[in-house]
Amino acid sequence: MLIIKRLKQHLPVTHLTAVIICTVIIALTAMLMPSQDAPASVLNATSTSAQPLPLKTSTADSTSTLSQQQIQQQPQQQAYPQSPDVWQDFTVRQGDTLTSIFKRAGLSSREAFLVSTAVKDTEALKRIYPGQTLSFVINDQQLYKLKHIRNQLNSSLIIASEQGYEVKEIEKQPDIQPRFIQGSIENSLFLDASRAGLSDRMIMELAAIFGWDIDFVLDLRQGDHFNLVYEERFLDNQKIGEGNILSAQFVNQGQSYTAIRYTDSQGNSRYYTPQGDSMRKAFLRSPVDFARISSSFKTRRKHPVLGLTRAHKGTDYAARTGTPIKASGDGKIIWRGKKGGYGNCVIVQHGGNITTLYAHMSNYRKGQKNGSRVQQGDVIGYVGQTGLASGPHLHYEFRVNGVHKNPQTVKLPHASPINKAERGHFFSVAEQSLAQLEAYKATQLASLSD
Ligand SMILES: [Zn+2]
């Protein structure tokens with residue numbers, strides 16, 4: 001979608017699904033002002049009575065039942081309009097400004113100016129996209145209310161009052177429910193995890209959590225399995241998205257890894273082993289993203305370039321030309337150029353006399369040079385077949401004191417373990433998370449054996 005820049009008074013506009021917005025906003029308003037004992041006004045979001053409507057008006061749908069109950073509890077806030085609110089929706093078009101939409105709504109450019117001034121330092125009307133909806137309540141050709149829903153959880157309501165325009169930010173809190181998923185690898189992480197019910201985003205997060213221990217490009221095997229508990233977010237009983245992975249296990253070639261999400265007293269969330277070691281390590285197992293490698297591991301294992309090429313002191317990742325290559329750890333580029341059979345090659349110097357080498361690149365990452373500092377995960381170049389290479393692939397080497405190590409098996413030190421002061425709290429969180437995970441696994445097992 002196109003983001004339209006906000007010009008001072010010429011606010012470009014957008015739109016949304018009218019009905020839901022209307023009911024939601026009114027319901028939200030009701031929740032915002034719960035205290036006064038004033039008699040309930042007979043607001044009706046779906047009313048079509050009152051005035052002639054220049055554009056479509058919201059019509060009833062299934063979401064209105066709940067909202068209307070809430071609407072009836074809404075106290076009369078404003079002294080002036082006593083009639084029921086009639087919401088009119090205007091769709092933001094390409095090239096619209098706040099003024100042009102106000103014009104369509106029958107309002108003056110002066111009013112558009114006053115509103116844009118009133119919302120200046122707020123989130124309201126800050127970014128408006130074509131296709132969104134702005135909803136107005138207009139009484140006697142005067143703007144009474146204007147609402148702009150930015151997303152399912154956040155909206156702004158602008159209300160005319162005797163003091164000018166008031167802006168209310170409305171934030172809905174989703175219900176969060178845990179969800180358990182388990183699966184085993186038959187073809188590839190992507191295929192099998194999505195078959196098990198995980199979204200692409202969750203698969204990427206799962207792989208990121210274990211990416212320091214497991215090389216998802218090369219080391220996945222048939223029979224590997226995983227299970228995890230993650231958050232699902234609901235709004236009015238409708239799933240609106242996913243939250244975080246709370247706990248996860250991955251069994252790779254018989255080796256089991258467990259990760260627990262922990263948020264410390266500073267509010268930082270990280271994944272730890274049940275013993276309190278960070279899942280993060282100084283080096284990623286794989287400098288290419290498994291998701292970029294299209295074939296499944298079964299076929300990849302047979303790939304002639306992949307084969308068992310580790311004997312030649314590096315690991316080869318067959319991948320399409322142009323696939324981004326990431327620095328596996330923090331460090332400094334100490335070589336960036338042609339280097340014999342390696343072709344275009346980057347060498348990164350890390351702490352502890354460790355260097356990593358990336359060969360056969362088609363291109364280097366723009367903006368970096370010899371001496372540049374890079375962080376773990378930074379792209380440093382792109383897969384190619386320069387130098388001695390039978391096909392496009394990344395040749396990756398890991399050396400300690402100049403001696404080659406197998407990057408797949410070299411022991412990597414854990415990054416910072418859990419803070420001493422946090423240990424007590426961490427272990428109680430970890431215990432609960434693990435108990436939850438085990439309980440789900442047991443339930444699943446029981447249902448399978450029924
Ligand atoms: Zn190689």
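**Rings, charges and strand pairing in a predicted model**

Good morning. I begin with a lysine and a tryptophan: K339 lies over the face of W335, and the distance to the ring centre is 4.6 Å. Please bear in mind throughout that this is a predicted model.

A second arrangement of this kind involves K147 and W87. The charged end of K147 sits over the W87 ring, 3.1 Å from the ring's centre.

Let me now give the overall setting. The protein contains eight helices and 20 strands. Of its 450 residues, 48% are buried. Its accessible surface amounts to about 22100 Å², and carbon and sulfur atoms account for 50% of that area. If we take the contacts between residues at least 6 apart in sequence, 70% of them join residues at least 24 apart.

I turn next to the aromatic side chains. How many aromatic pairs does the count give? With ring centres required to lie within 6.5 Å, the count comes to twelve aromatic pairs. One of these is formed by F102 and F136, whose rings meet edge-to-face, with 5.3 Å from centre to centre and 80° between the planes. Which parts of the chain does this pair tie together? F102 belongs to helix α3, residues 98-104, while F136 belongs to strand β2, residues 133-139, so the pair connects parts that lie 34 residues apart in sequence. Are the two phenylalanines buried or exposed? F102 is buried, at a relative accessible area of 0%, and F136 is buried with a value of 0%. Elsewhere, ring pairs join F210, F216, F226 and F250 into a cluster.

Strand β2 brings us to its partner, β1. These two strands pair in the antiparallel sense, over five bridges. Within this pairing, F90 stands opposite L134 of β2. Strand β1 covers residues 87-91 and is mostly covered, with four of its five residues buried.

My last example is K326, which is found in strand β12, residues 324-326. What does K326 contact beyond its neighbours within four places in sequence? The list comprises P287, V288, D289, Y358, G377, D378, V379 and I380. In addition, K326 and V374 are separated by 48 residues in sequence, yet their C-alpha atoms are 9.5 Å apart in space.

To close, I would draw your attention again to two features of the model: the edge-to-face pair of F102 and F136, and the antiparallel pairing of β1 with β2. Thank you for your attention.

Terms used. Residues numbered from 1 in each chain as written. Heavy atoms only, no water. Phe/Tyr/Trp six-rings, centres within 6.5 Å; stacked < 30°, edge-to-face > 60°. Buried < 20%, exposed > 50% of the residue type's maximum accessible area, 1.4 Å probe, protein only. Lys NZ or Arg CZ within 6 Å of the ring centre and 35° of its normal. Pairing = 2+ DSSP bridges. Contact = heavy atoms within 4.5 Å. Areas by Shrake-Rupley, 256 points an atom, 1.4 Å probe, with all protein chains shown as cover.
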